[in-house]
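Here are my comments on the model you sent, set out as numbered points for you to check against the coordinates.

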Amino acid sequence: MNSMRNMRHASNIAWVLQWVLNIGLIALAIVLVFFLAKETYTMASLMFSGQKEATAYELLEGIVIYFLYFEFIALITKYFLSGYHFPLRYFIYIGITAIIRLIIVDHSDPMTTLLHAGAILVLVIALFIANTERLKRE
């Protein structure tokens, strides 16, 4: 009887925490959509304003940041669509995009750039492994 009561309490605690997590993720998604819109405006103003000459690096960095916001929003969407589960491969995509952004922004040291490229290779290998039939859940 006591173990049944403990299981009910644990289930209630898990339910409450799941709702807290869901509300937090919805709030995060709203913030990310705001930043995505802000980044869209910033990129459009860089490209179309006659005041400031946009460099290719600024535009490329803006595009990569745009994709980072986009990937995080897609991750949150996938979480709700897949029954409260974060797919591993989405985190790997985000990691690859973030490292590419690092390479674009700071590529002054060749050794650091090579290490970042090696990290991307490791993440691509992890993505390949995560997409094998044994590990694929979707």
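The points below take up a salt bridge, a buried threonine and a nonpolar surface patch.

1. The model is a predicted one, and the values in this note should be read with that in mind.

2. The structure holds one salt bridge, formed by Glu61 and Arg101, whose closest N and O atoms are 3.1 Å apart. Because Glu61 belongs to helix 2 (residues 56–81) and Arg101 to helix 3, the pair ties together parts that are 40 residues apart in sequence. Glu61 is partly exposed, having a relative accessible area of 24%, and Arg101 likewise counts as partly exposed at 24% relative accessibility.

3. Thr97 is also placed in helix 3, which covers residues 88–105. With a relative accessible area of 13%, Thr97 is buried, since the cut-off for that class is under 20%. The side chain of Thr97 makes a polar contact, at 2.9 Å, with the side chain of Glu71. When residues up to four places away in sequence are left out, Thr97 touches Val64, Phe67, Leu68 and Glu71.

4. Turning to the surface, Trp15, Val16, Trp19, Val20 and Ile23 make a nonpolar patch of about 560 Å². One of these residues, Trp19, is found in helix 1, which runs over residues 2–48. Trp19 has a relative accessible area of 44% and is therefore partly exposed, as the exposed class begins only over 50%.

Notes. Residues are numbered from 1 along each chain as its sequence is written. This is a predicted model: local features need pLDDT of at least 70, side-chain atom pairs count only at pLDDT 80 or more; totals for chains, interfaces and linings use all residues. Side-chain values use heavy atoms; hydrogens and water are left out. Helices (H or I, at least four residues) and strands (E, at least two) are DSSP runs, numbered from the N terminus. Buried means under 20% relative accessible area, exposed over 50%, partly exposed in between (1.4 Å probe, protein chains only). A polar contact is a pair of N or O atoms within 3.5 Å; within protein, one must be able to donate a hydrogen and the other to accept it, and residues adjacent in sequence count only if both atoms are side-chain atoms. Contact means heavy atoms within 4.5 Å. Patches are made of residues with over 30% relative accessible area and no salt bridge: like charges are joined within 9 Å, nonpolar side chains (Val, Leu, Ile, Met, Phe, Trp, Tyr) within 5 Å. Accessible areas come from the Shrake-Rupley method with a 1.4 Å probe; for residues, only the protein chains shown count as cover. A salt bridge is a side-chain nitrogen of Lys or Arg within 4 Å of a carboxyl oxygen of Asp or Glu.
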